[in-house]
Amino acid sequence: MAPVSRIARTAGAAALALALGAAASGCAAFGGERSGIVVTTNILGDITRNIVGDQAEVTVLMKPNADPHSFGISAQQAAALEEAELVVYNGLGLEEGVLRNVESAEEAGVPALAVGEHADPLDYTEGETAGEPDPHFWTDPVRTGDAVDAIAEQVAAEVGGVDEERIRANAKEYRARIDEVHAEAEERFAEIPEDRRRLVTNHHVFGYLADRYGFEVVGAVIPSGTTLASPSGSDLKSLADAVEAAGVPAVFADSSRPDRLATVMAEEAGLDIEVVPLYSESLTEEGGGAATYLEMTRANTEAIADGLTG
């Protein structure tokens with residue numbers, strides 16, 4: 001056999017080094033090097049884990065009690081996004097601090113599912129975000145059931161090695177549990193008199209719940225769909241006047257954020273208004289009252305019903 005030239009040996013070594021480097025980085029060009037599912041928010045993370053079960057690894061970026069509008073991720077988490085087989089995110093402008101990382105992952109060839117787009121989204125009807133899509137679809141269990149189906153189909157299509165029948169069976173079982181929560185909410189909310197079916201929250205987050213169960217959203221302390229906005233003095237005065245006219249007995253504030261603004265608004269109204277905490281945008285740690293989507297939804301149903309009938 002003829003001896004291999006030094007140039008050939010050098011070229012071969014360089015090619016091997018390039019291949020090894022690409023494999024280490026999970027480059028899609030070599031196929032099959034990506035792994036797992038990365039989910040942005042903890043609510044979607046819980047939903048996805050119920051669908052996936054033990055079929056694939058699910059990494060959730062947002063910690064318990066965090067704000068989806070403002071949370072950020074580390075360089076290591078950003079790299080995990082670009083090495084995933086699938087990214088699951090809310091979309092509709094929710095994850096304001098992470099969207100550029102999701103976009104980078106998509107540019108790197110990672111399939112990404114914007115779940116909110118598959119949940120029959122509504123638009124905000126008032127405030128600073130009027131006309132923009134509302135990302136808070138999970139406050140409506142029926143739309144969340146639609147989201148379950150969308151996630152299951154994407155996992156089955158994009159994640160290698162999963163048992164597609166098992167994924168779909170998990171999704172069907174979990175959606176049935178969500179349907180139970182919806183039925184419980186319908187029954188509980190039916191106890192609230194018509195003249196008390198009005199909601200005031202710390203920002204516009206329960207539009208889907210109101211649409212599903214027949215509530216009127218009187219207003220929000222922060223007149224926006226994002227917690228990054230701030231109310232003006234005139235905003236608070238206008239809302240206080242609306243609250244006084246509507247005779248609302250309670251203001252609902254996110255349990256993971258201080259209720260200072262809601263309290264100030266109540267004082268502006270000159271009325272004795274209870275500030276009731278809700279789990280609106282984040283799950284809690286285990287034992288915190290809303291460690292899962294189902295637990296969160298049930299807790300909010302009871303809090304709203306009690307707040308408006310008490």
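Let me start with one term: a residue counts as buried when its relative accessible area is under 20%. Keep that in mind, because at 1% relative accessibility Phe189 counts as buried. We will come back to that residue in a few minutes.

Hello everyone, and thanks for coming. What you see above is a predicted model, so let me begin with confidence. The protein chain has a mean pLDDT of 83, with 78% of its residues at 70 or more. Two stretches stay under 50. One covers residues 1–32, where the model has 10 contacts beyond four places in sequence. The other covers residues 224–229, with 25 such contacts. Where pLDDT is low, the predicted coordinates should not be read in detail. Please keep that in mind as you turn the model around.

Now the overall picture. The protein chain holds 10 helices and 8 strands. Of its 310 residues, 46% are buried. The accessible surface is about 14,300 Å², and carbon and sulfur atoms supply 49% of that. If we take the contacts with a separation of 6 or more, 66% of them join residues 24 or more positions apart.

Let's go inside, starting with helix H2, residues 42–52. Is H2 largely enclosed or not, and why? Here 9 of its 11 residues are buried, so the rest of the structure largely encloses this helix. The buried ones are Asn42, Ile43, Leu44, Gly45, Asp46, Ile47, Thr48, Ile51 and Val52. What do they pack against? Their partners are strands E1 (37–39), E2 (58–60) and E3 (86–89), together with helices H5 (141–158), H6 and H10 (293–309). Just past the end of H2 you will find Gly53, which takes a positive phi of about 60°.

One of those partners, strand E3, deserves a closer look. Both of its faces are covered: Leu86 and Val88 are buried on one side, Val87 and Tyr89 on the other. E3 pairs with E1 in the parallel sense, over 3 bridges, and Val38 stands opposite Val87 of E3. E3 also runs parallel to strand E4, residues 112–114, and 3 bridges join the two. There, Val87 has Ala112 of E4 as its bridge partner. So if you want one residue to click on here, try Val87: it has Val38 opposite and Ala112 as a bridge partner in E4.

Further along the chain is another enclosed strand, E7, at residues 250–254. All 5 of its 5 residues are buried, so the rest of the structure largely encloses E7. On one side sit Ala250, Phe252 and Asp254, and on the other Val251 and Ala253. E7 runs parallel to strand E8, residues 274–278, through 5 bridges. One of these matches Ala250 with Glu274 in E8.

Next, the aromatic rings. A pair of aromatic rings is described by the distance of the centres and the angle of the planes. How many aromatic pairs are there? The count comes to 3. Take Phe137 and Trp138: their ring centres are 6.1 Å apart and their planes meet at 75°, so this pair is edge-to-face. The cut-off behind that label is an angle over 60 degrees. Both Phe137 and Trp138 are buried.

And here is Phe189 again, as promised. It forms an edge-to-face pair with Phe215, at 5.0 Å centre to centre and 90° between the planes. Where do the two rings come from? Phe189 belongs to helix H6 (residues 164–189), while Phe215 lies in the loop between helix H7 (207–213) and strand E6 (216–222); they are 26 residues apart, and the pair links distant parts of the chain. With a relative accessibility of 9%, Phe215 counts as buried too. Ring pairs also bring in Tyr213, giving a cluster of Phe189, Tyr213 and Phe215. On top of that, Arg197 lies over the face of Phe215, at 4.7 Å from the ring centre.

One last stop: Asn101, in helix H4 (residues 99–107). Is Asn101 buried or exposed? Its relative accessibility is 11%, so Asn101 counts as buried. Setting aside neighbours within four places in sequence, it is in contact with Ile73, Ala78 and Leu81.

That's my tour. Thank you for listening!

Definitions and conventions
Residues are numbered from 1 along each chain as its sequence is written. This is a predicted model: local features need pLDDT of at least 70, side-chain atom pairs count only at pLDDT 80 or more; totals for chains, interfaces and linings use all residues. Side-chain values use heavy atoms; hydrogens and water are left out. pLDDT is the predictor's confidence in each residue, from 0 to 100. Contact means heavy atoms within 4.5 Å. Rings of Phe, Tyr and Trp (its six-membered ring) pair if their centres lie within 6.5 Å; planes under 30 degrees apart count as stacked, over 60 as edge-to-face and the rest as tilted. Buried means under 20% relative accessible area, exposed over 50%, partly exposed in between (1.4 Å probe, protein chains only). Helices (H or I, at least four residues) and strands (E, at least two) are DSSP runs, numbered from the N terminus. A charge sits over a ring if NZ of Lys or CZ of Arg is within 6 Å of the ring centre and within 35 degrees of the ring normal. Accessible areas come from the Shrake-Rupley method with a 1.4 Å probe; for residues, only the protein chains shown count as cover. Two strands pair if DSSP finds at least two bridges between them.
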